[in-house]
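Me: I would like to learn how to read burial and disulfides in a structure such as this one. Could you take me through them step by step?

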Amino acid sequence: MQAKKRYLILLSAGASLVLLFYLGGVELPAARSRHDRSRHGYRPDQPWPHFSDPLQPLLAWDHTDTEEYNLHVSPRQKRDVNTSVYKGKRCRMDSCFDFGLCQRNGFKVYVYPQQKGEKISESYQNILSTIEGSRFYTSDPGQACLFVLSLDTLDRDQLSPQYVHNLKTKIQNLPLWNDGRNHLIFNLYSGTWPDYTEDLGFDIGQAMLAKASISTENFRANFDVSIPLFSKEHPRTGGDRGFLKYNSIPPFRKYMLVFKGKRYLTGIGSDTRNALYHVHNAEDVVLLTTCKHGKDWQKHKDARCDKDNAEYDKYDYKEMLHNSTFCLVPRGRRLGSFRFLEALQAACVPVMLSNGWALPFSEIIDWNTAAVIGDERLLLQIPTTVRSIHQDKILSLRQQTQFLWEAYFSSVEKIVLTTLEIIQDRVQEHGSRSSLMWNSHPGGLFTLPQYSAYLGDFPFFYATLGIKPLPKFTAVIHAVSPLVSQSQPILKLLVSVGKSQYCAQIVVLWNCDKPLPAKHRWPATSVPVIVIEGENKVMSSRFLPYDTIVTDAVLSLDEDTVLSTTEVDFAFTVWQSFPERIVGYPARSHFWDSNKERWGYTSKWTNDYSMVLTGAAIYHRYYHHLYTNYLPTSLKSMVDQLANCEDILMNFLVSAVTKLPPIKVTQKKQYKETMMGQVGSSRASRWADPDHFAQRQTCMNKFASWFGAMPLVHSQMRLDPVLFKDQVSILRKKYRDIERL
């Protein structure tokens, strides 16, 4: 009976509570808790960050969610910010990009023609010039996959003299704008005092952003591209190489951690820099700031300013940069900083203190291999953290800074081309580059996925993968003279090359104006001989990626080259140990003519060389693909018009990729005289032409100008057979015939 009463009481109480909830008379505790948390900035979809790892990046703080912001900003201002910054925030390649434009003509980029009266900064002109000089450029908008504005969008700070007014109206009036679809907008500076928001001042629609200092909150992954902040002095092409000249062990420098820069007394970006004095010890951790900037800095200076300014003037920035193991890269008014690129070039490992910054090219670059990603809230832990990094890791980090600097950041051209290549990889997803291609030498710009998606097909990855090239070569003989006699050098060359144990086939590229000789005119060989009629009969056709070339190695030969089978075998054996380089016989060199202030070309026989001519050289077939698809039409057209310099251009290309010199192998002393003495040969007639040598001088400087620097590297190494010229029995020598020639 008592139990029955208890059940009735509980049932009545439950029914009463349900009725009260239904009528709204009682507020659920959980609901009250959520309401209280939301007032203090808590949002259930954003859990509290974990602090177990002191160097994990932190998402940027959203000031628009705070109560203080909502009190001081009008509804219209908030609406304008949300419209200009966040419209299209959900854009991705599959929703805001028309892939159909790229399927018809490939990845081509159109730059709008510049309008009269429109001012354009030098930096933006460098960007446009880079695109117009690249292999992606098209002057026909009907063939374009991507569109770039000629209106300068780099500096959108309203207080800047570079700011372009009425940009919103000008862009909306463009006939091809189409709400920004398939458009790419470059930007370095956005927003202005005091908030420095990421507002560009116009509606970007569905356009992609290539933006510096972009936050992870506004960064649309796999749609936008984060680029580095670079100064107007940043070189358009080439750029200086990194400052790491040699790898010292242990890899420690005079200072452990350095920084020298402005200190903001108030406003956004001031917190971290104002706190640096807590870590500065004036010994191996030197973090210097100054408040001496701006017109009225003295009105706002604090008690530390005079002391900080005096300490700041004691140190030379470049000396610190080049003599420190780590360089602090704190945020400024914006998330990005010039210190980032300066540290990379100096081989000073960047320590990032800019919470919420989407690091440059983070889509492809693994920054954990080249930088330390810190947390602004844990500044005091930074010295302990960097001291705990092992010296082997420091050396690895430093080497990677040099690779990344030279591959992607040393010039405006590399920054722009990297941006375009990233977008191309998205468009051609089936042929995109792997992470290893982007993050290891020679980098993504020289590793074209159209050639292959397999790392083992590229010569510079053989050592990493532990594989070797195929043990055969294809000989490609460039024929420009008619076949009139059975004693011509090309016929003797066919026989000697065909006898090589490593020869898989011989391809004769017929670039002669006369008709192809009959098959019976060619000598019999033990390997297939394939005769191909040259495309347009131009010099560059000798480096086309012919499908008939199925071996890794290509033995490139001029028609009047004189080589024995032994010389061919030895050269190929050497190449198998250096498959990423050019290996061969005729060597040439370059020099700087200080009187004429230009590069010079010399054929003098000395102990120094920087080129191996492709008239008798072996290299990997990938360089045919790179020559054809990487180099601009302007350089190849110059070679074809002159019918000269194609061998120099190939040497420039390979040295630019490898950062190494070619390899010269032993040859008979009479090689030069033999080549020059061929009666009626094309080589003899060319060398007899006084314009031939002058043209090669011109080519040297034209090529160096396009590459932005001189890529050729001098060498004094020559590889000879074992026991070459040694006073031992000839029977003990494998390549004994070379000494008899």
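Reply: Let us begin with burial: a residue is called buried under 20% relative accessible area, exposed over 50%, and partly exposed in between, with a 1.4 Å probe and protein chains only. The model here is predicted, so that local features need pLDDT of at least 70 and side-chain atom pairs count only at pLDDT 80 or more, while totals for chains, interfaces and linings use all residues. Residues are numbered from 1 along each chain as its sequence is written, and side-chain values use heavy atoms, with hydrogens and water left out.

Me: Is Cys 512 buried or exposed, and why?

Reply: Cys 512 is buried, because its relative accessible area is 2%. Cys 503 also counts as buried, at 5% relative accessibility, and across the protein buried residues make up 52% of the 741 residues.

Me: How many disulfides does the structure hold?

Reply: In general, a disulfide is a covalent bond between the sulfur atoms of two cysteines; here the term is applied to a pair of cysteine sulfur atoms within 2.5 Å. The structure holds five disulfides, and, with bonded cysteines counted along the chain, they follow the pattern 1-2, 3-4, 5-6, 7-8, 9-10.

Me: Which parts of the chain does the disulfide of Cys 645 and Cys 699 tie together?

Reply: For such a question one needs the helices (H or I, at least four residues) and strands (E, at least two), which are DSSP runs numbered from the N terminus. The sulfur atoms of Cys 645 and Cys 699 are 2.0 Å apart, and the link is right-handed, with 85 degrees about the S-S bond. Cys 645 lies in the loop between helix H22 (633–642) and helix H23 (646–658), whereas Cys 699 lies in helix H26 (residues 690–707), so the disulfide ties together parts that are 54 residues apart in sequence. Cys 645 is buried, with a relative accessible area of 0%, and Cys 699 is likewise buried, with a relative accessible area of 0%.

Me: Where does the disulfide partner of Cys 327 lie?

Reply: Cys 327 is joined to Cys 348, with an S to S distance of 2.1 Å, and this link is right-handed, with 105 degrees about the S-S bond. Cys 348 lies in the loop between helix H13 (339–345) and strand E11 (349–353), while Cys 327 belongs to strand E10 (residues 324–330), 21 residues apart. Cys 327 counts as buried because its relative accessibility is 3%, and Cys 348 counts as buried at 0%.
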